[in-house]
Amino acid sequence: MGYVKTAMLMAAMTALFMGVGYLIGGSGGALIALVVAAAMNAFTWWNSDRMVLRMHNAQPVAPGDRFGLHALTVELARNAGMPDPKVYLIDTPQPNAFATGRNPANAAVAVTSGLIRSLTREELAGVIAHELAHIRNHDTAIMTVTATFAGAISMLANFAIFFGGSRERLGLIGTLLMMFLAPMAAALVQMAISRTREFGADRAGAEICGDPDALASALRKISHAARSIPNKV
């Protein structure tokens, strides 16, 4: 059911993107919007992992690291029936972890030093299992595509005022409303897809680590720390 809901939301995001393109440039605008979306998604699908890891200054973790992070991640990946992902460490006190990569064979898990210091080994295993579930479920690719669509919709909506076609179809007030409402609608769909995939990763992560209570405890600690530890922009 989770994948059906995700597919429906992705279809809604695509329709919204093409609709904004149509309002700006008619049928030609919708076609151009679709081609641009395909090109942007192809680029981000292939390059998102390197872009995200570089943005966070993530450092690769080799086997035998002093935290035992690499060994723990590999053990959990094999429990999940997945290829061994690359492992990265981010030096920041903010407790966090994320997965990236276009598919399980080209995936990476990044963990912050703050997360390692604030969790027990069992809780850390639960968080890593959650991220591995995202990889196994192809959520990293889904959310990359969704974010690209949302960003493109916002960009198109902000440019609408400069195109005569949108003003002819909607009028000045309608064009201004589209500039505000289209990005809001895209953000709502993006958040709905994100929530759907997070719940699925919680369920699969608990199965991978074999300790749902540890995962729940880790999520509570992360939520509390996120509010109390400053997060640099």
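Let me start with strands E1 and E2, which pair in the antiparallel sense over two bridges, where two strands pair if DSSP finds at least two bridges between them, and where helices (H or I, at least four residues) and strands (E, at least two) are DSSP runs numbered from the N terminus. Within that pairing, Pro60 has Tyr88 of E2 as its bridge partner.

Before going on, I should say that this is a predicted model, in which local features need pLDDT of at least 70 and side-chain atom pairs count only at pLDDT 80 or more, while totals for chains, interfaces and linings use all residues. Residues are numbered from 1 along each chain as its sequence is written, and side-chain values use heavy atoms, with hydrogens and water left out.

The two strands I began with belong to an open sheet of four strands, in the order E1-E2-E4-E3 and with mixed pairing. Its edges are E1 (59-60) and E3 (97-101), each of which pairs on one side only. Between E2 (residues 86-90) and E4 (residues 107-112) the strands run parallel and are joined by five bridges; there Lys86 has Ala108 as its bridge partner in E4, and Val87 stands opposite Val109 in E4. On the other side, E3 and E4 pair in the antiparallel sense, again over five bridges, with Gly101 partnered by Ala107 of E4, and these two strands form a hairpin with five residues between them.

How many of the residues of E4 are buried? Six of its six are buried, buried meaning under 20% relative accessible area, as against exposed at over 50% and partly exposed in between, with a 1.4 Å probe and protein chains only. Ala107, Val109 and Val111 point one way from the strand, whereas Ala108, Ala110 and Thr112 point the other way.

Now to the helices that lie against this sheet. Helix H2 (residues 69-79) packs on it, touching E2 and E4, and its direction makes about 140 degrees with that of E2; contact here means heavy atoms within 4.5 Å, and the axes are lines fitted to C-alpha atoms, for helices over the stretch in contact, with angles running from 0 to 180 degrees between N-to-C directions. Helix H4 (residues 121-136) lies across E3 and E4, running at about 150 degrees to E4. Of the 16 residues of H4, 13 are buried, and just after this helix His138 takes a positive phi of about 60 degrees.

What holds the most contacts in the interior? The largest nonpolar core, a set of buried Ala, Val, Leu, Ile, Met, Phe, Trp, Tyr and Cys residues joined through side-chain atoms within 4.5 Å, has 30 residues, and those with the most contacts inside it are Leu69, Leu76, Val111, Leu115, Leu124, Ile128 and Leu132. The elements that give two or more residues to this core are H2, E3, E4, helix H3 (113-118), H4, helix H6 (164-209) and helix H7 (212-228), and H4 gives the most, with eight residues. Taking Leu124 as one case, and leaving aside its neighbours within four places in sequence, we find Leu124 in contact with Leu69, Leu72, Val111, Leu115, Ile116 and Leu119. Apart from this core lies another, of 16 residues, among them Phe149, Ala152, Ile153 and Ala186. As a general remark, in soluble globular proteins nonpolar side chains tend to be buried together.

I will finish with two polar residues. Ser113 is placed in helix H3, and Ser113 counts as buried because its relative accessibility is 6%. Its side chain reaches the backbone oxygen of Thr92 at 3.1 Å, and, neighbours within four places in sequence aside, Ser113 is in contact with Leu89, Ile90, Asp91 and Thr92. Gln94, for its part, sits in the loop between E2 and E3, and at 9% relative accessibility Gln94 therefore counts as buried. The C-alpha atoms of Gln94 and Ile222 are separated by 8.7 Å, although the two residues are 128 apart along the chain.

Key. A polar contact is a pair of N or O atoms within 3.5 Å; within protein, one must be able to donate a hydrogen and the other to accept it, and residues adjacent in sequence count only if both atoms are side-chain atoms.
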